[in-house]
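User: I should like to learn how to read the features of a structural model, one at a time. Might we begin with the aromatic rings?

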Amino acid sequence: DDDFAIFFIDNFISESGTAILISKTNIFNYSIDSYKNINFLKRNLQLSISNLDDYDFQSAKQLYDIFFKPIEEIVPKDSTIYLLGDQLKGINPSILVKSYDVSNNISQYEKLVSTNWLIEEYNVVKHFQIPSSTSNDRAYDKKFLGYGNSTTYSQLGLPNLSEVNNEIKEL
């Protein structure tokens, strides 16, 4: 299997960090940028997400370079990478950019379409540890309650599941 895990360790004294890449047979470590710079890039990227005309390709590329470029030669394409920790909290890793056209001669749409996204290289799964102190043993009458707005499904080309609305109301 091509499964890998990356564990990030911040060093608040030197303001840099270490990443540990774990495979089934090996462990590799590499340095990552300062957490202050990472937070700055994350904030820039988060602010740009709401309007694709202003998408911050440069910050997305720099975050890719910090976290994933050092492992390109080690982790085969199409592998699954489990991110342990919250260094990319608030950012979906699939929107990070391996490469993009920096030319100003193409439209933003052409840039979005021609970009080499992280999701095209790897399957990245974020895994957050929930401290045991926050877990509560509670008993619930119902095992699960799903929710959704099935009235918007037709806009996406999906079948209308209006009966789901009635089922949820009955619960």
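Analyst: Certainly. Please note that this is a predicted model. The structure holds six aromatic pairs. One of them is formed by Phe-57 and Trp-117, with 6.1 Å from centre to centre and 40 degrees between the planes, and is described as tilted.

User: Which parts of the chain does the pair of Phe-57 and Trp-117 tie together?

Analyst: Phe-57 belongs to helix H2 (residues 57-67) and Trp-117 to strand E6, so the pair ties together parts that are 60 residues apart in sequence. Both Phe-57 and Trp-117 are buried. Ring pairs also link Tyr-55, Phe-57, Tyr-100 and Trp-117 into a cluster.

User: Where is Thr-115 placed, and what does Thr-115 touch?

Analyst: Thr-115 is found in the loop between helix H3 (108-114) and strand E6 (116-117). Leaving aside residues up to four places away in sequence, Thr-115 touches Phe-57, Val-97, Ser-99, Tyr-100 and Glu-120. Two of these names, Phe-57 and Tyr-100, appeared in the ring cluster.

User: Is Thr-115 buried or exposed?

Analyst: Burial is read from relative accessibility, and the cut-off for buried is under 20%. Thr-115 counts as buried because its relative accessibility is 2%. The side chain of Thr-115 also has a polar contact, reaching the backbone oxygen of Lys-111 at 2.4 Å.

User: How should I read a helix, taking H1 as the case?

Analyst: One may begin with length and then turn to burial. Helix H1 (residues 35-49) has 15 residues and spans 21 Å from its first C-alpha to its last, close to the 21 Å expected at 1.5 Å a residue. Its buried residues are Tyr-35, Ile-38, Leu-41, Lys-42, Leu-45 and Ser-48. Viewed down the axis of H1, these buried residues fall within an arc of 150 degrees, so they line one face of the helix.

User: What do the buried residues of H1 pack against?

Analyst: They pack against strand E1 (3-11), strand E3 (27-32) and H2.

User: Finally, how does one read the strands, and in which sense do E1 and E4 pair?

Analyst: As a general idea, in a regular strand the side chains alternate between the two faces of the sheet. For each pairing, one then reads the sense and the bridges. E1 and strand E4 (residues 80-84) pair in the parallel sense over five bridges, and Leu-84 in E4 is the bridge partner of Phe-7. E1 and strand E2 (residues 16-22) run antiparallel and are joined by seven bridges; here Ile-6 stands opposite Leu-21 in E2.

How values were computed: Residues are numbered from 1 along each chain as its sequence is written. This is a predicted model: local features need pLDDT of at least 70, side-chain atom pairs count only at pLDDT 80 or more; totals for chains, interfaces and linings use all residues. Side-chain values use heavy atoms; hydrogens and water are left out. Helices (H or I, at least four residues) and strands (E, at least two) are DSSP runs, numbered from the N terminus. Buried means under 20% relative accessible area, exposed over 50%, partly exposed in between (1.4 Å probe, protein chains only). A polar contact is a pair of N or O atoms within 3.5 Å; within protein, one must be able to donate a hydrogen and the other to accept it, and residues adjacent in sequence count only if both atoms are side-chain atoms. Contact means heavy atoms within 4.5 Å. Rings of Phe, Tyr and Trp (its six-membered ring) pair if their centres lie within 6.5 Å; planes under 30 degrees apart count as stacked, over 60 as edge-to-face and the rest as tilted. The expected span of a helix is 1.5 Å times one less than its number of residues. The arc is that of the directions from the helix axis to the C-beta atoms. Two strands pair if DSSP finds at least two bridges between them.
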